[in-house]
Amino acid sequence: MPAKEVRSDVLPRIHCITHFGSYDDEAIAVLEAVVRQGVDAVQVRAKSLSDRQIVAFTRILVDRLAGTSVRIIVNDRVDLALAAGADGVHLGRDDVPVAAARRLAPLGFLVGGTCRNADQAREAKAQGADYVGVGPVYPTTTKSGLPNPIGLETLRDAARVLPAIAISGINAERVPEVMAAGAYGVAVASAICRSPQPAIAARGLVDAIALA
Ligand SMILES: Cc1ncc(COP(=O)(O)OP(=O)(O)O)c(N)n1
Ligand SMILES: Cc1nc(C(=O)O)sc1CCOP(=O)(O)O
Ligand SMILES: [Mg+2]
């Protein structure tokens, strides 16, 4: 696996969360296409894959996107992220704590944490998180078992603590209001990965963020 040639110091604003039926060449091609449109982070979230398959898929992505400034982030598991040569990890409330991941992480490695309110954002900040994923902002069918949408005021409160990536039900039309509520960026699964035209959907999000 070649070393990444371009490592951005800028925190990514548009996180494409993988949401595919299968994690194959076609999925890689979709992710390459959306990154070409300006998506600056890909989060590998693949609950149906084994640890070994997550590492293999992520390594292919790291390899194929070398030379771009995109950051590859692995959901849930800092060990798999490090094994795959990824650029960061996104940790949920039941995963290894942010502070523990931070101790393992090399310089520049991104550590994000899920938050549902400002108190959780303060806890993530105290533990050394770079950003918080804040949601669910709107209803979604991508993930079950979520609490009710938190609303824009809770997003605003959390966004005062750390750079906040708004998640759940985000599409280009909703970008202006989440950015007006103080979000630093957005995380998007179905609006890109389940779009019939993922590159066009990605471009719409990139343009909406640029205008916000
Ligand atoms: C940017 C971002 N924010 C929140 C989440 C949710 O993560 P988590 O709580 O770990 O839940 P799962 O994604 O594992 O179902 C996220 N993935 N990304
Ligand atoms: C993986 C995930 N986590 C969420 C949370 O609020 O914790 S919402 C979500 C799914 C986001 O998918 P979509 O962009 O298709 O709504
Ligand atoms: Mg997770």
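**Exercise 1.** In this predicted model, find how far a polar side-chain atom of Thr140 lies from an oxygen atom of ligand 2.

*Solution.* Start at Thr140: a polar atom in its side chain is 2.6 Å from an oxygen atom of ligand 2. Now hop to Thr142, where a polar side-chain atom lies 2.5 Å from an oxygen atom of the ligand. Then try Lys143: here the partner is a nitrogen atom of ligand 2, and the distance is 3.3 Å. The cut-off for a polar contact is 3.5 Å, and Lys143 comes within it at 3.3 Å. As for cover, ligand 2 alone would expose 420 Å², and the protein buries 96% of that.

**Exercise 2.** Work out which residues surround ligand 2 most closely, and sort its shell by class.

*Solution.* First, the count: 14 residues surround ligand 2. Next, pick out the closest, which are Thr140, Thr142, Gly169, Ala189 and Ser190. Sorting the shell gives 5 nonpolar, 6 polar and 3 charged residues. Last, check the location: ligand 2 sits in the largest pocket.

**Exercise 3.** Now do the round for ligand 1: which residues are closest to it, and what polar contacts do Gln43, Arg45 and Lys143 make with it?

*Solution.* Begin with the neighbours. There are 14 residues around ligand 1, and the closest are Gln43, Arg45, Lys47, Thr114 and Lys143. By class, the shell splits into 3 nonpolar, 6 polar and 5 charged residues.

Then take the contacts one at a time:

- Gln43 has a polar side-chain atom 2.9 Å from a nitrogen atom of ligand 1.
- Arg45 puts a polar side-chain atom 2.7 Å from an oxygen atom of ligand 1.
- Lys143 has a side-chain N or O atom 2.8 Å from an oxygen atom of ligand 1.

With those in hand, look at the cover: ligand 1 has 420 Å² of accessible area on its own, and the protein covers 92% of it. The space ligand 1 takes is the largest pocket. Did you spot Lys143 turning up again? Its side chain has a polar contact with ligand 1 and another with ligand 2.

**Exercise 4.** Identify the protein donors of the magnesium ion, ligand 3, and decide whether Asn75 is buried or exposed.

*Solution.* Look around the ion: the protein donors are Asn75, through OD1, and Asp76, through OD. They lie 1.8 to 2.5 Å from the magnesium ion. For Asn75, the relative accessible area is 12%. Buried means under 20%, so at 12% Asn75 is buried.

Notes
Residues numbered from 1 in each chain as written. Chains lettered and ligands numbered in written order. Predicted model: local features only at pLDDT ≥ 70, side-chain atom pairs only at ≥ 80, totals over all residues. Heavy atoms only, no water. Near = heavy atom within 4 Å. Polar contact = N/O pair within 3.5 Å; in protein donor to acceptor, adjacent residues only side chain to side chain. Areas by Shrake-Rupley, 256 points an atom, 1.4 Å probe, with all protein chains shown as cover. 1 Å grid on protein atoms, 1.4 Å probe; cavity = no way out; pocket = protein on both sides within 12 Å on 5 of 7 lines; lining within 4 Å. Sits in = over half its atoms within 2 Å of the grid points. Nonpolar A, V, L, I, M, F, W, Y, C, P; charged D, E, K, R; others polar. Donors = N, O, S within 2.8 Å, 3.2 Å for Na, K, Ca; no water. Buried < 20%, exposed > 50% of the residue type's maximum accessible area, 1.4 Å probe, protein only.
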